[in-house]
Amino acid sequence: MVTLLDSGRKELVCAVCGVLMNHMLEKSNLEGLKASSPCQKLVDVLRDFGSEDWQLATLVCKVLWNCSEHAHPTECCFGDDTERLSQLLKCYIEEQPASDEHVWKGHFVPVAQNLHTRIKLH
């Protein structure tokens with residue numbers, strides 16, 4: 001399922017993120033997904049689609065939050081992508097979007113700030 005995040009098709013990526021968000025709520029499911037590097041692929045999705053689709057960016061941040069829920073330190077979850085994710089979140093949080101400002105401000109920013117804080121605390 002994680003490989004579908006590489007499809008480049010935003011609708012499919014969004015559907016997969018929705019499934020992953022729910023799937024990653026259970027700690028037992030995380031172990032099976034770790035081998036497929038979901039966090040790396042999710043950071044790529046955030047980079048590729050984030051600033052053009054704030055709803056998808058919010059969903060990706062929620063999946064990453066769920067993925068890191070049981071990981072201590074958080075870096076164990078995000079691995080080499082920890083700094084890249086942190087910088088990307090910081091950039092997007094500070095960005096003033098040209099469109100969908102309501103979605104950005106009301107949905108994305110609160111979730112992204114919480115995730116960014118979690119990363120910085122670990």
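These exercises walk through a predicted model, each with a worked solution.

**Exercise 1. The core**

Find the residues with the most contacts inside the largest nonpolar core, and say which helix gives the largest share.

Solution.
- Step 1. Start with the core itself. The largest nonpolar core has 39 residues.
- Step 2. Pick out its best-connected members. Leu5, Cys17, Leu46, Leu85, Leu89 and Phe108 have the most contacts inside this core.
- Step 3. List the contributing elements. H1, H2 (27–34), H3, H4, H5 (74–78), H6 (82–94) and H7 (101–121) each give two or more residues to this core.
- Step 4. Compare the shares. H4 supplies the largest one, with 9 residues.
- Step 5. Zoom in on one member. Setting aside residues up to four places away in sequence, Cys17 touches Leu5, Leu42, Leu56, Leu59, Val60 and Val63.

**Exercise 2. Helix H3**

How many of the 12 residues of H3 are buried? Check the span of this helix as well.

Solution.
- Step 1. Take the length. H3 runs over residues 38–49 and has 12 residues.
- Step 2. Check the span. From first C-alpha to last, H3 reaches 16 Å, close to the 16 Å expected at 1.5 Å a residue.
- Step 3. Count the cover. In H3, 9 of the 12 residues are buried, so the helix is mostly covered, given that buried means under 20% relative accessible area.
- Step 4. Name them. The buried residues of H3 are Pro38, Cys39, Lys41, Leu42, Val43, Asp44, Val45, Leu46 and Phe49.
- Step 5. Look at two residues outside that list. Arg47 is partly exposed at 43% relative accessibility, and Asp48 is partly exposed at 42%.

**Exercise 3. Salt bridges**

Which parts of the chain does the salt bridge between Asp53 and Lys10 tie together? Then trace the network that includes Asp81 and Arg84.

Solution.
- Step 1. Begin with the total. The structure holds 6 salt bridges.
- Step 2. Recall the principle. Side chains of opposite charge can pair when their charged atoms come close.
- Step 3. Take the pair in the task. The side chains of Asp53 and Lys10 meet in a salt bridge, with 3.6 Å from N to O.
- Step 4. Place both ends. Asp53 lies in the loop between H3 and H4 and Lys10 lies in H1, so the pair ties together parts that are 43 residues apart in sequence.
- Step 5. Check exposure. Asp53 is buried at 16% relative accessibility, whereas Lys10 is partly exposed at 27%.
- Step 6. Turn to two other pairs. The closest N and O atoms of Asp48 and Arg47 are 2.9 Å apart in their salt bridge. Asp81 and Arg84 also form a salt bridge, with their closest N and O atoms 2.9 Å apart.
- Step 7. Join the partners. Asp44, Arg47, Asp48, Asp81 and Arg84 form one network through salt bridges that share partners.
- Step 8. Compare two members. Asp81 is buried at 11% relative accessibility, and Arg84 is partly exposed at 30%.

**Exercise 4. Trp54 and Asp100**

Is Trp54 buried or exposed? Find its contacts, then examine phi of Asp100.

Solution.
- Step 1. Place Trp54. This residue is found in H4.
- Step 2. Apply the cut-off. Trp54 has a relative accessible area of 2%, so it is buried, the limit being under 20%.
- Step 3. List the contacts. Beyond neighbours within four places in sequence, Trp54 is in contact with Tyr92, Glu95, Pro97, Ser99, Asp100, Val103, Trp104 and Phe108.
- Step 4. Take one partner. Trp54 and Val103 are 49 residues apart along the chain, but their C-alpha atoms are separated by 6.2 Å.
- Step 5. Take another. Asp100 sits in the loop between H6 and H7 and is partly exposed, with a relative accessible area of 44%.
- Step 6. Read the backbone angle. Most residues other than glycine have a negative phi. Phi of Asp100 is near 55°, a positive value.

**Exercise 5. Asn66 and Met1**

Which residues does Asn66 touch, and which residues make the nonpolar surface patch of about 250 Å²?

Solution.
- Step 1. Place Asn66. It is found in H4, residues 54–68.
- Step 2. Judge its cover. Asn66 is buried, with a relative accessible area of 10%.
- Step 3. Name its contacts. Not counting residues up to four places away in sequence, Asn66 touches Met21, Met24, Leu25 and Leu30.
- Step 4. Move to the surface. Met1, Leu4 and Val19 make the patch.
- Step 5. Check one member. Met1 lies in the segment before H1 (10–23) and is partly exposed at 47% relative accessibility.

Definitions and conventions: Residues numbered from 1 in each chain as written. Predicted model: local features only at pLDDT ≥ 70, side-chain atom pairs only at ≥ 80, totals over all residues. Heavy atoms only, no water. Patch = residues over 30% accessible without salt bridge, like charges linked within 9 Å, V, L, I, M, F, W, Y side chains within 5 Å. Areas by Shrake-Rupley, 256 points an atom, 1.4 Å probe, with all protein chains shown as cover. Salt bridge = Lys/Arg side-chain N within 4 Å of Asp/Glu carboxyl O. Helix = DSSP H or I, 4+ residues; strand = E, 2+ residues; numbered from the N terminus. Buried < 20%, exposed > 50% of the residue type's maximum accessible area, 1.4 Å probe, protein only. Contact = heavy atoms within 4.5 Å. Expected span 1.5 Å × (residues − 1). Core = buried A, V, L, I, M, F, W, Y, C linked by side-chain atoms within 4.5 Å.
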